[in-house]
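Please open the model in your viewer, set it to a cartoon representation, and keep the selection tool at hand. The stops below say what to select next and what is there.

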Amino acid sequence: SNTTAGNTGANSSTNDKPKNIILGKDGKPCRACNTLQDFLGSQPEKKRAMQPRSEKIQSECPPDVEELGRSTWTFLHSMAAYYPENPTAMEQIETAQFIRTFSKLYPCWSCAEDFRKFIAKPENAPRVSSREALSRWICGAHNEVNRKLGKQEFNCNLWKKRWLENDEC
Ligand code: FAD
């Protein structure tokens, strides 16, 4: 496993409690796999001191696991919300293939691994027969991650209001 509990020298500060920093395949702490706080906690003091302070500058920095996640969910839910209501056979094949390929390329490798395990279960296979089916499927997949992270589940009946049309917005 690439998860460590501070036994790699990744946690250089003696004051901080060692965190389970997720390492990348290169053996270094993985920015896209950890929260910014944990990632910075794993960096030497000198590197931490160089970090930009303002949010505006930080928004131009490489994403941590949360920013990457929010952006990706925005894309996936929007992709589903704009998916055809009656997709062709080819569109269905390509969409299911895209989701499988996505699960191999997602930059947080540990997130990707769990996502692959999720879609590998027959009952969780991507549902691509219609816009409604795909939107609900992505919602269910997102809820699986929400549960794992101890976040509140989203009511999938509200997918359209959240991701396609909302009179208040
Ligand atoms: P997010 O979970 O990013 O959600 C963004 C917005 O989507 C919410 O504000 C809400 O309006 C809406 N929303 C929430 N749930 C649903 C739903 N079920 N259906 C429709 N809309 C919804 N992080 C980890 O730390 N560990 C992981 O293993 C991990 N795995 C991930 C796997 C994938 C495939 C992706 C895309 C992300 C993963 N993440 C993981 C990131 C994590 O899911 C969150 O994106 C991140 O923690 C930021 O959370 P957030 O509270 O800002 O809201």
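Helices here are DSSP runs of H or I with at least four residues, strands are runs of E with at least two, and both are numbered from the N terminus. On that basis the chain of this predicted model has 8 helices and 0 strands, and, read along the sequence, follows the pattern α-α-α-α-α-α-α-α.

**The whole chain**

Begin with everything selected: of the 169 residues of the chain, 21% count as buried. Among contacts between residues at least 6 apart in sequence, 46% join residues at least 24 apart.

Next, colour residues 1-62 and residues 65-163 separately, since the chain is divided into domain 1 (1-62) and domain 2 (65-163). The contact between the two takes 6 residues from domain 1 and 7 residues from domain 2. On the side of domain 1 that touches domain 2, the classes come to 3 nonpolar, 2 polar and 1 charged residues.

**Two stops in domain 1**

Select Q37, which lies in helix α1 (residues 36-41). Is Q37 buried or exposed? Q37 has 11 other C-beta atoms within 10 Å and is therefore exposed, the cut-off for that class being 12 or fewer. If you draw a distance from Q37 to Y82, 45 residues apart along the chain, the C-alpha atoms are separated by 35 Å.

Move on to E60, in the loop between α3 (55-58) and α4. E60 counts as exposed because it has 7 C-beta neighbours inside 10 Å. From E60 to K25, which are 35 residues apart in sequence, the C-alpha to C-alpha distance is 24 Å.

**The shell around the ligand**

Now select the ligand and the residues around it. Which residues are the closest to the ligand? Of the 22 residues that surround the ligand, the closest are G69, C111, C139, H142 and F154. Two or more residues of the shell come from each of α4 (65-81), α6 (109-120), α7 (131-148) and α8 (159-163), and α4 gives the most, with 7 residues. Colouring the shell by class shows 10 nonpolar, 7 polar and 5 charged residues.

**Helix α4**

Keep α4 selected and look along its length: the helix has 17 residues and reaches 24 Å from its first C-alpha to its last, close to the 24 Å expected at 1.5 Å a residue. Its buried residues are V65, H77 and A80. These cover an arc of only 80° around the axis, which puts them on the same side of α4. Turn the helix over to find the face away from that buried side, where the exposed residues R70, S71, T74 and F75 are carried. To see what covers the buried residues of α4, show the neighbouring elements, which include α7 and α8.

**Helix α5**

Go next to helix α5 (residues 89-105), whose 17 residues should span 24 Å at 1.5 Å a residue, and whose end C-alpha atoms are 24 Å apart, which agrees. Which residues of α5 are buried? They are T95, I99 and S103. Seen down the axis of α5, these buried residues fall within an arc of 75°, so they line one face of the helix. An α-helix has 3.6 residues a turn, so residues three or four places apart point the same way. The buried residues of α5 pack against α6 and α7, while the face turned away from them carries the exposed residues A89, M90, I93, Q97, T101, K104 and L105.

**Two last stops**

Select A125, found in the loop between α6 and α7. With 13 C-beta neighbours inside 10 Å, A125 counts as partly exposed. A distance drawn from A125 to I99, one of the buried residues of α5, joins C-alpha atoms that are separated by 9.8 Å, although the two residues are 26 apart along the chain.

Finish at K160 in helix α8. K160 has 13 C-beta neighbours inside 10 Å and so counts as partly exposed. The C-alpha atoms of K160 and Q92, 68 residues apart along the chain, are separated by 20 Å.

Key: Residues are numbered from 1 along each chain as its sequence is written. This is a predicted model: local features need pLDDT of at least 70, side-chain atom pairs count only at pLDDT 80 or more; totals for chains, interfaces and linings use all residues. A residue is near a molecule or strand if its C-beta atom, placed from the backbone, lies within 6 Å of it. Ala, Val, Leu, Ile, Met, Phe, Trp, Tyr, Cys and Pro count as nonpolar, Asp, Glu, Lys and Arg as charged, and the others, Gly among them, as polar. Domain bounds come from an automatic or database domain assignment. The expected span of a helix is 1.5 Å times one less than its number of residues. A residue is buried if 20 or more other C-beta atoms lie within 10 Å of its own, exposed if 12 or fewer, and partly exposed in between; C-beta atoms are placed from the backbone. The arc is that of the directions from the helix axis to the C-beta atoms.
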